[in-house]
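Hi everyone, thanks for making time. Let me put the chain up on the screen, and then I'll walk you through it.

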Amino acid sequence: MSQWSQVQQLEIKFLEQVDQFYDDNFPMEIRHLLAQWIESQDWEAASNNEAMATILLQNLLIQVDEQLDRVSQEKNLLLIHNLKRIRKLLQGKYHGNPMHIAVIISNCLREERRILAAASMPVQGPLEKSLQNSVVSERQRNVEHKVSAIKNSAQMTDQDVKYLEDLQEEFDFRYKTIQSLEQSDKNSALIKQEMLALQAMLNTLDYKRKEVLSKIGRVIHEIDMLMSNMLTEELLDWKRRQQIACIGGPLHGGLDQLQNCFTLLAESLFQVRRQLEKLDELLTRLTYDGDPIPVQRPQLLEKVNFLLYNLFRNSFVVERQPCMPTHPQRPMVLKTLIQFTVKLRLLIKLPELNYQIRVKATIDKNVSTVSNRRFVLCGTHVKAMNMDESANGSLSVEFRHLQPKEMKSSAGSKGNEGPHMVTEELHSISFETQVCLYGLTINLETSSLPVVMISNVSQLPNAWASIIWYNLSTNDPQNLSFFNNPPAATLSQLLEVLSWQFSSYVGRGLNSEQLNMLAEKLMGQQVSYNDYQLSWAKFCKEHLPGKSFTFWVWLEAILDLIKKHILPLWIDGYVMGFVSKEKERILLKDKTPGTFLLRFSESNLGGITFTWVDQLENGDVTFHSVEPYNKGRLSALPFADILRDYKVIMADNVPENPLKYLYPDIPKDKAFGKHYSCQPNEVSKPSDGGGKGYVPSVFIPVSKILNDSTEPHSPSDLLPMSPSVYAVLREHLSPTVIETALSSPYSTD
C-alpha cells in the first residue's frame, strides 16, 4: 500500500494535520494524482543536487502533462482547469530554483510519515496531551465567537452613527429655516411650536450622542478585554506549539484562525476610529452646553489608537523559524556561509498594506549574547511583505537567501573555542518594519527563537541537542543566557521528545518498551521514571558509564544509521532496536531455535547487531550475537541482504543460515523479503564461454562458532566469496583448512 493510501485512511484529526502543509507550493491534487510516482523518487537527495532536482522537476511536469491528456479525454472540465493552473504555477515558481520544490516535496513526505507514525502510537505523551487540551480548544471557539460578536456590534454602531447624522442634518435644516425668518415671523404660535419641536430634537440628539459614545465605549472595552486575556493566551499557545513542532512535535496549526481574529479586530477598531471621526465632524457643525462628544471622544480615540498599536505589534510573528534547506529536520541550527530561510507574517491582513511594508533582518541586534563571536547577515536582508507568495493569501515575506557570516574578532576578543561551548551559544535574528496607515505610524519588531551558529557540520548534533533542550525547557523566546545555568528537564517529557526525533527524522516513533530502555540508559534501573529530573550535563556532556561518548552522541549516531542504511526496516517496525542484552535473552529464551531480533549496539556508535537463540544437544539454550554492523559495512552490503545470506560454520558442519524467525515468530523472508536487493545467486560452475570466463561473486557474511570456546575472534565477517567458489573449495580442501581461513565476528555486545 502506498504511503498516500495509508494517509487517506487516517482519522479526521490526523487528516487535518496533513491538510495544513499542502498548499500552492505543492498542491494536494498533484500529490493525489501522482502518488506512486512521487513516492518512488529520491526528493531528499535532489534537495541538495541541482542537476538531479532539475531532472525531477522536468519529469514532474511531464507527469502532469500526461494527467492532463488523460482527464482531457474524460472531459473533466474542473480538473483540466486546475491541472493547467497548477502546471503553470509549478513551472513559473520553480523553473529558476528546482531544488526548492525538491525540499518542499521531501518535507511533505517526511511529515506524512511522522503523522502516520503518530497515528500508530497508542499513547500520547504529556506534552502532546497538553497541546491538545480541551480547555484550549474551548478558548479558541470562544475567541472566534467574541470576535464575531464585536464585529457585529461595530457594524450596528455604524447604523447608529448614520441615524445620528441624519437626525442632526434634519435639525440643522429646520433650525436654519427658523433662523432665516424675519423677527416678526418668529413670534407666531407656529414658530414657537417649531422651536419646542427643535428643543425636543436637540434632547434626542444629546441622548443619541451619549448612546453612540456609550456603545463605542463598550466595543472598545470588549476588544481590550479580549486582547488582554484570551487572544494573548491564544497567541502564546500558538508560539509554544511552534516551539514544540520545531523539535519534532505535532504540527502546529491555528495561525490562519488567529489571522482571521486579528484582522477582524483591526477592521473593527478602524471602523470605531471612523465613527469617532464622524462624531468630530458632527461636533464642528453643532455643539451645545453639556455636549458629551468633546469630553469623551478624545479619551476613546486615544484608547482605540493604543489598542491598534498593541494589536499590530502582536500580529508581527515569525511564521517559520530559521532553517537551512539542507537540514529541514534541524531548524534553528545555522551554519556560517550557508543559506537559510525564514518566513514572517503580519496577522492583520488588509489590502492597503500589500507591498507597503518592508522588513529588515538583522542578527543579535541590541542583544548581549554569551558569545564573543559576532555575525552579520549577507544576502537580501530587506524585502516587502505581500499577499501573492503565500497560497492562502496571507500578508507575509520569506527570506530565502540569507547567510550568516562571522566577523573577524579583534585582538584579545576571540570567540569561545571547543564544540561544546560553541553549540551552547544562543543568538537571535531580529526583524523590524514600519506600518503607516490612516495617519498612524507603528514601528514593529519581532525575533526568531534562539539559534545556534556552527562553523562545521560536525557541530550539528550537539547544536541540535541545545535547541531541543531550550525549547523543551522554556517558552521564553529570548533567553540567550539560558545555558549559563540550564534547568533540568522532566524525564517523561524528554522521552516523548526523543520519540519525536525518530518519528520526524526516520518516520517511526518509539514505543513504551523502547523508551523505558532509554530511561534506564539515562537514569539506571528505577521503579518509575515519571517524576525524575534529568540534567543537561547528563544528557549531552557527561560520558555514559564505561563509554567514551555521551548519551546524545550515541542516540544521534543511531538516528544517522537508521536514516542512511536501515530506514525501510525501521519504518516497517522490524527493528526492536532499543533493548538491553539482558532483556533480549529473556525475550528469546522460550522461542523456537533460530528466532532472532535486531538491536542497536550499546558500546559501538551507530552499530546494529542481531541475536538468535539456539539449542544445544543437551537441551540447554544458548544465544549468539554477531559483531555490530556499522555504516562502513552497511555501505558495502544492504542489511536485509546480510540477514538473508548470513551463514554460520560450526565445527565440520556445512555452512547454514541460523536466522529463521524474526521475533516473536515472523518468518524471516516474510518480514524482509520485499527489502532484498535481489534474489540469492544460484551456485554455478565457471563457464568456458561468455562473461570472459569469470565466476560471478557476491559478498557472503560468514561466521565460525567454536565448540570449545564462547569467546569470539574479531575480523570482518564479510568474505568476497561466491557460492560457486565455496563449492569448489569444499571439493578440494578439508573442512579444517577452510575453518583455519575463517574467523568469527562475534562479540559480547
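I'll start with the ground rules and the overall numbers, then go through a long helix, the sheets and two single residues.

This is a predicted model, so please keep the filters in mind: local features need pLDDT of at least 70, side-chain atom pairs count only at pLDDT 80 or more, and totals for chains, interfaces and linings use all residues. Residues are numbered from 1 along each chain as its sequence is written, and side-chain values use heavy atoms, with hydrogens and water left out.

Overall numbers, then. The chain comes to 25 helices and 20 strands. For the record, helices (H or I, at least four residues) and strands (E, at least two) are DSSP runs, numbered from the N terminus. Of the 749 residues in the chain, 48% are buried, where buried means under 20% relative accessible area, exposed over 50%, and partly exposed in between, with a 1.4 Å probe and protein chains only. The accessible surface is about 35800 Å², and 51% of that belongs to carbon and sulfur atoms; these areas come from the Shrake-Rupley method with a 1.4 Å probe. Now contacts, meaning heavy atoms within 4.5 Å. Among contacts between residues at least 6 apart in sequence, 72% join residues at least 24 apart.

On to the long helix. Helix α11 covers residues 189–246, which is 58 residues. Does that length add up, and what should we expect it to span? At 1.5 Å a residue, α11 should span 86 Å, and its end C-alpha atoms are 82 Å apart, which agrees. The expected span here is 1.5 Å times one less than the number of residues. There is also a kink of about 45° in α11, centred on M227; the bend at a residue is the angle between axes fitted to the seven residues ending there and the seven starting there. Just after α11, G248 takes a positive phi of about 105°.

Next, the sheets. Two strands pair if DSSP finds at least two bridges between them. One open sheet has 4 strands in the order β6-β4-β8-β9, with antiparallel pairing. At its edges stand β6 (382–384) and β9 (440–447), each with a single partner strand, so one side of each is left without a neighbour in the sheet. On average, neighbouring strands of this sheet are turned by 20° against each other, direction ignored. Strand β8 (residues 429–437) runs antiparallel to β9, and 8 bridges join them; C436 stands opposite T441 in β9. Helix α13 (residues 293–315) packs on this sheet, touching β8 and β9, and its direction makes about 30° with that of β9. For angles like that, axes are lines fitted to C-alpha atoms, for helices over the stretch in contact, and angles run from 0 to 180 degrees between N-to-C directions.

Strand β7 (residues 395–406) pairs in the antiparallel sense with β3 (residues 340–346) over 6 bridges, and L344 has V397 of β7 as its bridge partner. Strand β5 (residues 375–378) also pairs with β7 in the antiparallel sense, over 4 bridges, with F375 opposite E406.

Further along the chain, 5 strands form an open sheet in the order β15-β14-β13-β17-β18, and here the pairing is mixed. The edge strands are β15 (621–625) and β18 (666–667), each pairing on one side only. Strand β14 (residues 608–615) is antiparallel to β15, with 5 bridges between them, and Q615 has V621 as its bridge partner in β15. The hairpin of β14 and β15 has 5 residues between the strands, and in that hairpin G619 takes a positive phi near 95°. Two helices lie across strands of this sheet. Helix α19 (residues 551–571) lies across β13 (595–600) and β14, at about 150° to β13. Helix α20 (residues 581–588) lies across β13, β14 and β15, at about 160° to β13.

Finally, two single residues. Is I30, in helix α3 (residues 28–33), buried or exposed? At 1% relative accessibility, I30 counts as buried. Leaving out residues up to four places away in sequence, I30 touches I38, L60, V64, L83 and I86. I30 and R87 are 57 residues apart in sequence, yet 9.5 Å apart in space, C-alpha to C-alpha.

The other one is Q514, in helix α17 (residues 512–523). Q514 counts as buried because its relative accessibility is 7%. With residues up to four places away again left out, Q514 touches G509, W570, V575, M576 and F578.

That's my tour, and I'm happy to go back to any part of it.
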